[in-house]
Structure formats: structure tokens, C-alpha cells
Amino acid sequence: MTDRVLAHPWRFAAPALAGAYAAAIALAPKPAVAFALAAPLAVVPFAYWAILQRGRWLTLFFAATLLLPPLPLALGNSGPHPAVVFVMLGLVAGVLGFGEWRAPAAPLNRAFGVFFLILAGSAALAMLYSGAAVGLGSLMRVLLFGISVYVFFYAAYGPGSCEPQDIFAQTRALYWIAVASALFACVDFYFQFPAPAGFGAQFIWLQSGVYRRAQGLFYEASTLGNFCAFFLTMIAATLLAPREQAPVPRRGLLLGGTIFAAALVLSYSRGSLLNVLVALAVLVYLNRSRIRLGRFFLALACAAVAGGLALRALLPSFTGAYLMRVSTTVEYLFSETEGLLSGRVASWRAVLGFLAQHPWHALFGVGYKTLPYSDYLGRTVITDNMYLSLLAETGIVGLGAMVWLSLQILRSARRAAGSPDPQRRFFGSWMFAFWAGQMVQMFTGDLLTYWRVLPLYFWVLAVAVRHEHSVS
């Protein structure tokens, strides 16, 4: 017996290490040190639990992005976000399930890959023209966009596509997480809580005072508005689907729709409102053969009036200002364009003037997401226009790749919307309508930089298109 033990001393390595680790925790000089040493004992089992089911980390990631604020650290615009931890777990899950990846050479997949590679290559130009600090920031924003690309491939063709779970149950959980996030945004606007971390300086001037626009737990109000537009589109797609194919009951849709609509209005985002209107028009077109338009628009008008009356009762001065803002935009859009677009036209003119004087930059650009942080154009510029930003920062090649990707998203989602599978049909209709509105809203915002909500959008796209291609 003793000879066997001496011949294989490595058998006692794990118990010896565990004992030594426990002794180190017990003998730690301060409680903080003991806590730091003991933390891995909780983190490792949690990480194992998170990746045990291949889609679990995704739900945790979405919950973190929607319900947690950034950490109050001086890094980036708003500080690092704890959701990145779940991305790392997702990468581990992808490696562990390496044999389950099946990505066909479909046009949509190629469009994703080409666009991401162009963005990554433009980071080198950012370093060349604007220096290492701006170039590193460009690379980090490319990687943040890469999270969305990874979520799409993981859920569509990777281990996440093989989960035998009820996809409607997961959608229901995400819906209520989103409702909680939008509800906090409404409460935050009403009470004007201190911002949890860095935030965009977006304010509303009313007779009763100056208020920060509703942003919830996001960096800026436009992200909140875009996020609300996404779920309002989902609610409309659900209401137009057969009742037995709805992931959320009608009462839940009514409650959530009220909260999302209120949060969108409080975000003061006109582009997001336009997004919703375009998405609704697309959904009506998709379902034109089976809906009564009069009843649909009557219900829509009643919901809008009820929501407006509720907001007017709670926030009378704000409601009047918002209605004035929308009506003024419609009335003077073409005669007073520059004033109505909050200075965007001046920024667009500056970017186009630079490209006219330096036409060679229109080919490959000056580096992704450098305009707001570099004075290479003579000053920093916030374009609030995804198309023009990509033209200046990634050139014609980047802009063309993004348009190609968007068209492939619409094409794939439209095909899924016509599928006989009710789940694919629902998610395809949702994504097709929303992305049509998204392409319109891109004229007023850099929507592809909303990295905390973009993965959720691409997850819906992945659910719509997965299992469409058989890979041998």
C-alpha cells in the first residue's frame, strides 16, 4: 500500500492544494484579502453553471446589459460594463462546443464576416491618422460590435442553435427583463435619479426646470428609444399573429406596450418614433391579407390617445413640449431642416466638405469611430448618421458592406417571415419590420454602435434564420 502511494504521489496533489488554499484563506491578515481569495470558490462553480446549458450565458448576458449600469470607472465614455464577463463565458462555451459549429457559406454570413473585417482593418487607419489612443479606442469599438456578430453565429449555427429549449419561453423571459429596464427608465425620468455612470448630456428645458432625457441604464437616450422601438415592434408582431402562437399573453403585451411607449416618449427620440411607424407599416403590409385595417388603426389610435392622456396627467408640461416637438418637426422639416435636426446638418456639411477636399479618404476612410474623438478633420464631429459616419470612417467599401449586410438581413428575415414554421415566421416578421425601421433611423443616429442592445437584435435574427440551411 505504501509503495503504491509513493509511486503515485500526484494523487494527493489536488487535496493538498485544496488544503493549502483553505489555510491561506483562514490565515489572511484582513477580511478583504480573505474575501478576494475565497471569491474564485464561488466564481468557478457559477461559471460552470452558466455554460452548462449552452444558451444560459446568453440570457445572463442580456439581463446584465439591460438591467445593470456600467461600473463607475474612468474607462471609455461610460465605464466598463459587467456584461463583458458573460461574453467571456460565451467564448468559453463556444470553444467547449467547437464540434457543434455548422456555419454555411450563406450570403448573410458572408456579409457579416466582410463587414466585421472591414471595421477591424479600419482600426489600423485610425492609429495611422489619429494616434495610438484613438486607434485603440477604435479597435475596442470594433470588438464591441463583434459581440453582436458572435451572438448571431453562436445562436444561429453554433452550440446555441442546438439547445432543446422552448424558444418562446426564453423570449418571454427576455421580454419581462426588457419591461423592467424600460420601467426603470420611466421612474428615473420622473424622479431624476443621479446618473449611475457616465451619460450623454441630453436635456429637456421645460417651464418647471431642466430635466435629463430618459436614458434608463443606458449611456444615452437614443439607445433607450431604439430599444423600446424594438420591443414595440415585437408587441405589434405578436398582436398580428394567431393568439396560440404568441410568446407573451395579451395582458402582458398591454402592460409592456404601455411602459415601452412611455419610455420611448420620455427619451425624446424622434428617430425611434419614426422607426416604430415604419415597422408598423411593414407589419401591416406583411399581414394585409388577414387583418382588418380599419379595426387595426382604430385600436392603434385608441392606444395612442390613452397613452397621451396618461402622460398628460402625470407630466403635463413635458407632454405639451413633446407634442410640439413632433408637430414642429413634421411641419418645418424641409423649410427649417438645420434647426430641427439639432445641428446635424452642420456636422454633415463638415464631413462632406472634408471628403470633397480629400477624396482619397472616401475609399477606405479615416478609421472606425474616430470622428467624435479625433481632430483629424480639423475638429471633432458627431454626425448622428450611420451612413455618413461609415462613409467618412470606413470609406465606400465599409458603407457598401454595411448596406449589403442590411439588405441580407432584410432578405433573410423576409424569407423567414414566409416560413410555414410559426416560430420562424414570428421572429422573421419581427426582425424584418424592425430592421426596415432601423435602416430609416440610421439617417439620424449611429445605431450600430449601440453594442448593449444590438446583440439582442441579432439574436432574434439568428432564431429566425437558424436551421434554414442544412450543412453536411
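Count up the secondary structure of this protein and you get 19 helices and two strands. Keep in mind that the model is predicted. Of the 472 residues in the protein, 50% are buried. If you take the contacts between residues at least 6 apart in sequence, 73% of them join residues at least 24 apart. Let's walk through a few of the helices and see what sits against what.

Start with α5, which runs over residues 83-96. Its 14 residues should span 20 Å at 1.5 Å a residue, and the C-alpha atoms at its ends are indeed 20 Å apart, so the expected and computed lengths agree. The buried residues of α5 are Ala83, Phe86, Val87, Leu89, Gly90, Ala93 and Gly94. These residues cover an arc of only 160° around the axis, which means that they lie on the same side of α5. That spacing along the sequence makes sense: an α-helix has 3.6 residues a turn, so residues three or four places apart point the same way. Turn to the other side of α5 and you find Met88, Val95 and Leu96 exposed.

From α5 we can step across to helix α7 by way of Tyr150, which lies in α7. Is Tyr150 buried or exposed? Its relative accessibility is 19%, and because the cut-off for buried is under 20%, Tyr150 counts as buried. Setting aside neighbours within four places in sequence, Tyr150 is in contact with Trp57, Gly90, Leu91, Gly94 and Trp101. Two of the names there, Gly90 and Gly94, also appear among the buried residues of α5. Tyr150 and Gly94 are 56 residues apart in sequence, with 9.5 Å between their C-alpha atoms.

Trp57 brings in the next partner, since it belongs to α4 and takes part in the contact between α4 and α7. Helix α4 covers residues 56-67 and helix α7 covers residues 132-157; they pack at an angle of about 145°, and their axes are 12 Å apart. The crossing of α4 past α7 is left-handed. On the α4 side the contact is made by Trp57, Leu58, Phe61 and Phe62, and on the α7 side by Ile147, Tyr150, Val151, Tyr154 and Ala155. Sort this contact by class and you have nine nonpolar residues, no polar ones and no charged ones.

Some of those residues turn up again when we look at Trp459, in helix α19 (residues 454-465). Which residues does Trp459 touch, not counting those up to four places away in sequence? They are Leu58, Phe62, Val151, Ala155, Ile167, Gln170, Thr171, Leu174 and Phe427. Ala155 is 304 residues from Trp459 along the chain, yet their C-alpha atoms are separated by 6.5 Å. With a relative accessible area of 2%, Trp459 is buried.

Trp459 has company in that: twelve of the twelve residues of α19 are buried. The helix reaches 17 Å from first C-alpha to last, close to the 16 Å expected at 1.5 Å a residue. Just after α19, His467 takes a positive phi of about 70°.

One last stop is a loop residue. Gln215 lies between β2 (209-212) and α9 (221-239). Gln215 counts as buried because its relative accessibility is 2%. Leaving out neighbours within four places in sequence, Gln215 is in contact with Phe199, Gly200, Glu220, Ala221 and Leu224.

Terms used
Residues are numbered from 1 along each chain as its sequence is written. This is a predicted model: local features need pLDDT of at least 70, side-chain atom pairs count only at pLDDT 80 or more; totals for chains, interfaces and linings use all residues. Side-chain values use heavy atoms; hydrogens and water are left out. Helices (H or I, at least four residues) and strands (E, at least two) are DSSP runs, numbered from the N terminus. The expected span of a helix is 1.5 Å times one less than its number of residues. Buried means under 20% relative accessible area, exposed over 50%, partly exposed in between (1.4 Å probe, protein chains only). The arc is that of the directions from the helix axis to the C-beta atoms. Axes are lines fitted to C-alpha atoms, for helices over the stretch in contact, and angles run from 0 to 180 degrees between N-to-C directions. A crossing is left-handed if the near helix is turned anticlockwise from the far one by less than a right angle, and right-handed if clockwise. Contact means heavy atoms within 4.5 Å. Ala, Val, Leu, Ile, Met, Phe, Trp, Tyr, Cys and Pro count as nonpolar, Asp, Glu, Lys and Arg as charged, and the others, Gly among them, as polar.
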